[in-house]
Amino acid sequence: MAKEGPNWDGLLKWSIAHSDGTRPTRNLSEDDRRWFMEAMQAQTMDVVKRMKEITLVMQTPQQVLEDQGVTPADIEELLDELQEHVESIDMANVPVIFDDWLVSGSVFFLIGELLSHLFPGIYPFPRSPLNWWVGSSSWLPQNSHANIRAKAAEVVTTIVQNNPRSQQLVMEANGFEPLVSNFSSDPDVNVRTKSLGAISSLIRHNKPGITAFRLANGYAGLKDALTSENVRFQRKALNLIHYLLHENSSDCNIVNELGFPRILMHLASSEDADVREAALRGLLELARDTKDGYAEDNEKMKQLLEERINGISLMSAEDLGAAKEERQLVDSLWSTCFNEPSSLREKGLLVLPGEDAAPPDVASKHFEPPLRSWSRNPSSNNEKKETPLLLGAGPSSADTTNQVNTSSEGSASSQTDTSR
């Protein structure tokens, strides 16, 4: 059975046979060149064009899509494909291409996709050149498929992550509001988790985004996430809390007023190691900002840390190695709150044998600069080098006889001068 598509193996063998230097090169005719370019373009996908095609399908009213046999599962597959295309584009090096897709409305369409039928009042957004299309997507505000909203949030996360340009465009198009709404109120916890991930990527290193998050009462949503039973939701909330507190120490007052410390202390005893570490990290940020520690919660903090120390003491050697950051966080938090080292130091559990050893010096052996080598052993450069032994034809017999006679005459002359 013949294979479908082009025979790439055959093309490779042909290319090697005609480029190994054994045959003279020849100039391609215009017809051959045109044929080759058309053949290559036929097998190459225009990514931006394809992204726009996917957007066009999504902008079609739901009833029209259903009449044409398009199901929600088909939309999910299109979102998966769109995610792959977005990840394949180098956002930093092709801003013109990416901006072209942004201006076409695709990214903001995806943000609109996040809205469930519970929040139709959010639309329409104020009109702008970047979101003119929002009102035309009549079926999106009523879309009740959680998987579509969750997948759309993943694409938005990829679009705005470490990309100031796309972050700015999303903020200008009021794309922040639906993300916060779904993060705070969506009935599906997976959608809330994915929306929080998109918010986290949108506001990182983005001061207007952080300000908008505060004004939208985002910390209340984070508190609600911490009290949920979903571990992934808790992790994302804890990581964002740590980032916000680390970047803006003034937010510690907001967190304290909302009662975060007690929630964090509860999560510091979680069975999930990542949740424990993230909660301890948040507590450490708060403790460093608070001059008098936790005041009324000091006893609870001490009890928590003692429990964590006992838990660490009972860990196996393998688990101790994996809990390196947790051990360090417990010790740092104890030292910050009580101005003394924790008992982990006395028990030898803070730094395990081998953890404080310097890493092997591999670079100096293979990439040592000449100057460093000379400065380390300068005496070796002052040593006299032995005269190399030159191998060649020996002197002729006549030259040897002449040298002997000359030497004899020199000796006789020297003796005469001495006698005088």
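# Exercises on a helical chain

Ring pairs join Phe213, Tyr219 and Phe260 into a cluster. The model is a predicted one, and the exercises below walk through it from the rings to the charges.

## Exercise 1: Rings

Task: Find how many aromatic pairs the chain holds, and work out which geometry the pair Phe183 and Phe233 has.

Solution, step by step:

- Begin with the count, which comes to 4 aromatic pairs.
- Next, take the rings of Phe183 and Phe233: their centres are 6.2 Å apart and their planes stand at 80°, so this pair is edge-to-face. The step rests on the cut-off that planes over 60 degrees apart count as edge-to-face.
- Now place the two residues. Phe183 belongs to helix H10 (residues 176-185) and Phe233 to helix H14 (residues 231-247), so the pair ties together parts that are 50 residues apart in sequence.
- Finally, check the surroundings: Phe183 and Phe233 are both buried.

## Exercise 2: Salt bridges between helices and a loop

Task: Say how many salt bridges a search of the whole structure finds, then describe what Asp224 and Arg235 pair with.

Solution, step by step:

- The search finds 14 salt bridges.
- Asp224 pairs with Arg192, with 2.8 Å between the closest N and O atoms. Since Asp224 sits in helix H13 (residues 218-226) and Arg192 in helix H11 (residues 189-203), the pair ties together parts that are 32 residues apart in sequence.
- Compare the exposure of these partners: Asp224 is partly exposed at 36% relative accessible area, whereas Arg192 is buried at 13%.
- Arg235 forms a salt bridge with Asp272, and here the closest N and O atoms are 2.7 Å apart. Arg235 is in helix H14 and Asp272 is in the loop between helix H16 (260-267) and H17, so this pair ties together parts that are 37 residues apart in sequence.
- Again look at exposure: Arg235 is partly exposed, with a relative accessible area of 28%, and Asp272 is buried, with 18%.
- To finish, note a network of salt bridges that links Arg50, Glu53 and Glu81.

## Exercise 3: A buried glutamate

Task: Decide whether Glu326 is buried or exposed, and list which residues it touches beyond four places away in sequence.

Solution, step by step:

- Locate Glu326 in helix H20 (residues 324-338).
- With a relative accessible area of 1%, Glu326 is buried, because the cut-off for that class is under 20%.
- Leaving out residues up to four places away in sequence, Glu326 touches Arg276, Glu277, Leu280, Arg308 and Met315.
- Pick out the arginines. Glu326 and Arg308 meet through their side chains in a salt bridge of 2.8 Å, N to O. Glu326 lies in helix H20 and Arg308 in helix H18 (residues 298-313), so the pair ties together parts that are 18 residues apart in sequence. Arg308 is buried too, with a relative accessible area of 12%.
- The side chain of Arg276, in turn, makes a polar contact of 3.2 Å with that of Glu326.

## Exercise 4: The surface and the whole chain

Task: Identify which residues make the nonpolar surface patch of about 360 Å², then give the totals for the chain.

Solution, step by step:

- The patch is made by Trp35, Phe36 and Met37.
- Trp35 lies in helix H2 (residues 30-42) and counts as exposed at 60% relative accessibility.
- Zooming out, the protein chain has 25 helices and 0 strands.
- Of its 420 residues, 39% are buried.
- The chain exposes about 25300 Å², with carbon and sulfur atoms supplying 52% of that area.

Key
Residues are numbered from 1 along each chain as its sequence is written. This is a predicted model: local features need pLDDT of at least 70, side-chain atom pairs count only at pLDDT 80 or more; totals for chains, interfaces and linings use all residues. Side-chain values use heavy atoms; hydrogens and water are left out. Helices (H or I, at least four residues) and strands (E, at least two) are DSSP runs, numbered from the N terminus. Buried means under 20% relative accessible area, exposed over 50%, partly exposed in between (1.4 Å probe, protein chains only). A polar contact is a pair of N or O atoms within 3.5 Å; within protein, one must be able to donate a hydrogen and the other to accept it, and residues adjacent in sequence count only if both atoms are side-chain atoms. Contact means heavy atoms within 4.5 Å. Patches are made of residues with over 30% relative accessible area and no salt bridge: like charges are joined within 9 Å, nonpolar side chains (Val, Leu, Ile, Met, Phe, Trp, Tyr) within 5 Å. Accessible areas come from the Shrake-Rupley method with a 1.4 Å probe; for residues, only the protein chains shown count as cover. A salt bridge is a side-chain nitrogen of Lys or Arg within 4 Å of a carboxyl oxygen of Asp or Glu. Rings of Phe, Tyr and Trp (its six-membered ring) pair if their centres lie within 6.5 Å; planes under 30 degrees apart count as stacked, over 60 as edge-to-face and the rest as tilted.
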